[in-house]
Amino acid sequence: MSDTENTPTIQMPDPAKLIVSNSPHIHSGQNIPKIMFTVVAALMPACIAAVLFFGLAAIEVLLLCTVSCVVIEEGWNKLVKRHPTWKDGSAIITGILLGMNLNAGTPWWVCILGGFLAIILGKQLYGGLGYNPFNPVLVARVGLLIGFPEIMTTWDKPELGLMKIDAMTAATPLGLAPGETFFSDVLLGNIGGCLGETSAIALLIGGVILLAFKLIKWEVPLAFLGSVFVITGIAHVVSPETVHSPFIHIFTGGLLLGAFFMATDMVTSPMTRKGALIFGLGCGVITSVIRLWGSYPEGVSFAILFMNALTPLIDRATIKKPFGYIAPAKGEAA
Amino acid sequence: MIAAIVSVGVLGALLGVIIGVVAKAFAVEVDERIEGVGDLLPGANCGGCGYAGCADFAKAVVGETATPDQCPVCSAEDISNIAGYLGIVAEEKEKMVAVVRCSGNASNTVRSLYNGVRDCRSAVLVAGGAKGCDYGCLGFGSCADACPFGAIEIRDALAIVHPELCVGCENCVAVCPKNLIVMVPASVDVHVYCNSPEKGAAKRKVCKTACIACRKCVKASGEEDHMLVDGFLVKTNYDNPPPTDLVEASACPTTALRLASKHAAGGYEGVSK
Amino acid sequence: MSDKPRKFKGGVHPNDSKALSATKPIQEAPLLESYKVIMHQNIGGPPELVVKKGDTVKKGDLLAKASGFVSVPLHAPTSGTIKAIDKCAGPTGIHVPAIEITADGEDEWGEAFAPIADWKNTDPATLKQRVWDAGIVGMGGAGFPCHVKLSPPEGKTIDTLILNGAECEPYLTADHRIMLEQAEEVVLGAAILARILGLKTAIIGIENNKPDAIAKLNEVAGKYNVRVQGLPVNYPQGAEKQLIYAITGREVSPGKLPMDVHCVVQNVASAAAVAGAVIKGRPSIERITTVTGKPVVQPGNWKFRIGTPISKALELVGGVSEQPAKLLLGGPMMGIAQNSLDVTVMKNTSGILLISADEVSFYTSEPCIRCGRCVECCPMSILPATISQAVENKRFDWAEELNVMNCIECGSCSYVCPSHRPLNQHFKRAKIEIQAQLRKKK
C-alpha cells in the first residue's frame, strides 16, 4: 500500500503487532485473583472477631496457617515445575479457612501439618486448583481431627480483649446441655469453639459480602441452613430437654462458616443452581443427623466432604435442558 | 481364634474349588497361536495396522483376515519371524517413515501474535494458525502428541521427525490440519521441506526456507528424474530416489532440500540465507 | 403472539460502547483507484468467475455467477478493468481468490436490472429471483444467501418474518444508522420479503437501547403493515434463535432451522438491500459498515463498496491514535481477528473494529474453577465448563453428548470466565471434529 504520500500524518496500525485469537475479543474483567481476594475480604470480619475473643493466639494460628499454606504450595510448584500460583490467592484462602477451623491454642506444628494436608493431600495431588474433588480445608480438618482428637476438640474459653495470656478451656455449646448457652453470646461470639465458629454476626457479614458480589450461589447456604433449622427444629419440639433450639444450632459450631465459606467453594460444589440446592440440602441433612444422633458434637465438615464426593453425580443429574430441546420420546434424536 | 482360622481356611478352600471347577467347565477355547503371534508383535498398541491394538491384530493374523506385514512397526525380520511361526509366506515390505514437509521454524518465518489454545487443530481455526504461510507447520505439536513413539520433536515451533525413531504407524498423518505429513520410504533421505504451491516470490516474503522452484536440484540430478517439478514446488521422486549427495551438489539456495537425518539432528538451523 | 417480548435465559451485558459512533451519520466513501473483490463472500458454494484478466466492466456488471442454489453472484463495485484475478488476504487469515478491478473513474452503471416499481403486483417468484440475482446475503455477519431462506422446502410453512435490528454486538452501529437514515427502505424491504414469503406482515425486532430507531421505524412501519418490536437489552439478543424466542416464544430445537418453527429471520441491512434491488434495480455492491474502536481517531459509519481494503477504510477515519491490540471484522463478541490490513470489505462486514490493549481479552490455559458463571450465562443452556474439559481431553464424543452442537458461538461464556479460558475456541474445534466424524461415517 503506497498511500502515505498524500496523508503522511495518519498513523496506521502495525499489522505485525496485531494479536489474533478466537472470539470474543473483550472480557468482563473478572479473574481468579479478584474473586479470591474478595473472599479474603469477606473473611476479615470473622478474623477480627476471632482476634477480639481469643487474643494474639488467634493471630498466631491464622498467620501460621496462611503462611504455611502459601509456602507449601510454592514449594510444591517448584518441585513439580509449575509456575508460581500464590498470586491467585487460593492458598491464602485455604490458609485462613484452615486457621478458622482450628482453635486458638493449637500448637504450631499442628497448624503446619494442617497446611500440608490441605495443600498437598487436599489439592495438589489432584492436580491443583480446580481439580480437587474435596474441600482442601476440610480434608485437613478431618485429617487432624482423626489424628489428634484431643487437640482438635479442646477449645479455649473466649474472653474479650486482645491481651489474653492464660488460656482456659471451654466446651463447644453444642456439647453442653440445652439451656446453658445464651443466645446473645452466640450471636456476638462469646462462646467456645474454633476461631471461625465464634461470632455469628461476623460470619453473616462475610456471607452477605459474598452474596452481594455474587461469588457464591445463594442456594447453598439457604438450603444448608434451612434444612438444619427445620430438622433440629422438629427434634427440639419433640424433645426440648435433649436438643438445643434450632437457633442455637444455626448460630453455633461451624455451621455458618461451613454454609457460607466452605460448602460454597466453587471447585467442590455443583455448577448448576438446581445442583446447588440439592447440595445444600444434603449438607444440612447430614449435619443434622450427625449432630442429633452421631457421636461427634459437630458434623458440618463430614457433611460437606460427603456432599463434595457426590458433586459430580449431582452435576450430571442436574444438566440443564438445552435451549429448544425436545424429549426423545417425540421421536427426535437429541 | 482357632475357630476363626479354621472357618476362614475352609471358606477359602471351598471358594478355590468352586473357582477351579467353573474355570474348567466354562473355559473358552483360545487358539494358542494368537498369544504366540502377540508375543512376536511389538506390543505398542499404536493402531497403525487399523486394528484395536496388537492383540486384536494377532487374532486377525491368525484368522487370516490380515497379513503380518500390515503391522507398520514390525521390521522385516519380525514379520518373517511371525510368518515362520505361522508357517505362511511373508511378503517383502518396505519400511516407511513420516516426513513433515515444512522447514519454516519460528526463526525463518513470518508469524503473527496468536493467543489461544496451544493445539494445531484448534489454532488453525484462528486466522489459519496465524502463520504467514498458509501451508506451513503451525508447531503446536498435535502430531507429536499423537505419536506413541516420541519420534516427533517440536523445535523452534516446527515439527521434526526423527527417522530412526519413527516406526511408520501413520498416527500423525491424519491429525495435521495442514496435511503436511506424508509417509516415505525410510531408505530415502533427501526430501523437499516445503509444501506451499504459491509462487516463489510470495513464499519468500513469508518464509526464508521455502522451495522457490529454482530447479537447481533438478539440474543437479542431470538426466535422472530424481526430482519432480509440480507447479511452483519441487518434490522428491520416491520411485527413483536421489542419492544423498544431491543436496550437496544442488546447493539449494533456501535449504528447503534437506537430508532427513541432518534435519533431525539440527544441521540446518541458522544456515538459511 | 403477545406484544411483550420474552426474555431468553442467560446472556451477558458487556459495555456497549456504541456512543463512539451511534450519532455519526452515514458517510459515503470516495471512489478508490482499485478494489479487490473477494470471490467467496457467502456461506455455501463459491460463485463461478465470468470475467477474465483485462476485461472491462461497468458498475454493477456480473463478475461471477452463482454456482448452485446455495451460492450468490458477485457484481463489479465500479466501472473499470479487471487487473488481476489472484490471491488476496482473506478474512479468515488464509489467502483467498479475489478479483482486482482498476477503476476508470467514470463510475458508470452498466446494464442494471430493470426496476420493479409495482412490486405489490409482481409475482413473488420474480421478486425472489431478483433477490438472488442481486447477490444479497445475510449482511449481519453470517453471509447466508438471502434467497435460500426465502425458499422453504416443500411441506414447511412460514408464518412469521422477523427483521433483525437487535444489533446486540457492542460497538457496532451500522444497523442502527440504517434504521434511522433508511427507515423507508428497511420497511419497504420487509414488505417485499413478506410478499415473497406470502405473508401480510413482518416484525422488526430492535433492542430497547435504540429508542430513536424504534420511533423512526414506527413512523413509516404502518404504511406497509410492518410492526416494530422493542426487545430487552441482553447479549446475544440478535442471535437468530434468541430473537425468534423473544418475539414468538418458539424455541428452535438443536440442529433445526428457524424454518422448522415457521420463521424467517433477515437482517435489516439485507432488507434495505432487497428494497434497493427491487425498486432501483441495484445489485449488492456496497454496504454500511461501522469503523470504530477506542484507538480510532474519528469513529463513524461509512458506505463502502465491496472490495474496499481495510487500510483505505482506516485512512478515511483518520487512522489510529495508538497501536491497537486487535483488528476485527465484525463486533467484539463474534468478530474475526485480522493480521493484515489488506483484507477487503465484504458483503457481511458489519464493522471494522480496533480493540485497544486495555480492553482486549487475553486467553490463558488456567484451570477451570467450576464457578458456574458460564453455565449461568449460556443462552443455549449447555455446560461450557464441562464441554471445554471434554475437548481438552479430546473427548469429542462426550462433548457431543453434552450438546456442544447446540452452541451458537456467541462467546458469552468466554466473556465471563474468570479463568480466561478459550472456551469458544474449544467449542468451535469440537463442532468441526464432530462434523468430520459424521462425514466419515457417511
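## Briefing: cysteine sites, a helix pair and some unusual backbone

The place to start is A:Pro24, which sits in the loop between β1 (19-21) and α1 (32-54) of chain A. A cis peptide bond joins A:Ser23 to A:Pro24, with omega at about -5 degrees. Keep in mind that this is a predicted model. Beyond that proline, the points below take in two groups of cysteines that UniProt lists as "binding site" (unreviewed entry), one in chain B and one in chain C.

**Backbone oddities**

- As general background, most peptide bonds are trans, and most residues other than glycine have a negative phi.
- Chain C has a cis bond too: the one from C:Tyr235 to C:Pro236, with omega near -5 degrees.
- C:Pro236 belongs to the loop between β11 (226-231) and α6 (240-248) of chain C.
- B:Asn179 is not a glycine, yet its phi is positive, near 50 degrees.
- You'll find B:Asn179 in the loop between α7 (171-175) and β5 (181-185) of chain B, and it counts as exposed because its relative accessibility is 53%, above the 50% cut-off.
- B:Ala213 is another non-glycine with a positive phi, of about 55 degrees.
- The loop between α8 (200-206) and α9 (216-220) of chain B holds B:Ala213, which is buried, at a relative accessible area of 15%.

**The cysteine group in chain B**

- According to UniProt, the feature "binding site" (unreviewed entry) covers B:Cys46, B:Cys49, B:Cys54 and B:Cys71.
- These four are spread over 26 residues of sequence but cluster in space, with a largest C-alpha distance of 9.8 Å.
- B:Cys54 is part of helix α3 of chain B and, with 13% relative accessibility, counts as buried.
- Setting aside neighbours within four places in sequence, B:Cys54 is in contact with B:Leu41, B:Gly43, B:Ala44 and B:Asn45.
- B:Cys71 lies in the loop between α3 and α4 (76-86) of chain B; its relative accessibility is 6%, so it counts as buried.
- Not counting residues up to four places away in sequence, the contacts of B:Cys71 include B:Cys49, which is listed in the UniProt feature as well.
- B:Cys71 also touches B:Leu41, B:Pro42, B:Phe57, B:Ile79 and B:Lys93.

**Helices α2 and α3 of chain B**

- Helix α2 (residues 32-40) of chain B packs against helix α3 (residues 54-62) of chain B at an angle of about 125 degrees, and their axes are 8 Å apart.
- That angle makes α2(B) oblique to α3(B).
- The two helices cross in a right-handed sense.
- On the α2(B) side, the contact is made by B:Arg33, B:Ile34, B:Val37 and B:Gly38.
- On the α3(B) side, B:Ala55, B:Ala58, B:Lys59, B:Val61 and B:Val62 take part.
- By type, the residues of this contact come out as six nonpolar, one polar and two charged.

**The cysteine group in chain C**

- Here UniProt gives C:Cys378, C:Cys407, C:Cys410 and C:Cys413 as "binding site" (unreviewed entry).
- Despite a spread of 36 residues in sequence, these cysteines cluster in space, and the largest C-alpha distance is 10.6 Å.
- C:Cys410 is in the loop between α11 (396-401) and α12 (412-416) of chain C and counts as buried, with 6% relative accessibility.
- Leaving out neighbours within four places in sequence, C:Cys410 is in contact with C:Tyr235 and C:Pro236, the two residues joined by the cis bond.
- C:Met333, C:Met334 and C:Pro379 are also in contact with C:Cys410.
- C:Cys413 is in helix α12 of chain C, and it is buried as well, with a relative accessible area of 9%.
- Again leaving aside neighbours within four places in sequence, C:Cys413 is in contact with C:Cys374, C:Cys377, C:Pro384, C:Leu423 and C:Phe427.

**A buried arginine in chain C**

- C:Arg130 lies in helix α1 (residues 124-133) of chain C.
- With a relative accessible area of 10%, C:Arg130 is buried.
- C:Arg130 and C:Val274 are 144 residues apart in sequence, yet 8.5 Å apart in space, C-alpha to C-alpha.
- Not counting residues up to four places away in sequence, C:Arg130 touches C:Phe113, C:Ala114, C:Ile116, C:Ala277, C:Val278 and C:Gly281.

Note on methods. Residues numbered from 1 in each chain as written. Chains lettered and ligands numbered in written order. Predicted model: local features only at pLDDT ≥ 70, side-chain atom pairs only at ≥ 80, totals over all residues. Heavy atoms only, no water. Axes fitted to C-alpha atoms, helices over the stretch in contact; angles between N-to-C directions. Helix = DSSP H or I, 4+ residues; strand = E, 2+ residues; numbered from the N terminus. Parallel < 35°, antiparallel > 145°, perpendicular 65-115°, else oblique. Left-handed = near helix turned anticlockwise from the far one by under 90°. Contact = heavy atoms within 4.5 Å. Nonpolar A, V, L, I, M, F, W, Y, C, P; charged D, E, K, R; others polar. UniProt positions renumbered as here; feature names shortened; annotations may be inferred. Buried < 20%, exposed > 50% of the residue type's maximum accessible area, 1.4 Å probe, protein only.
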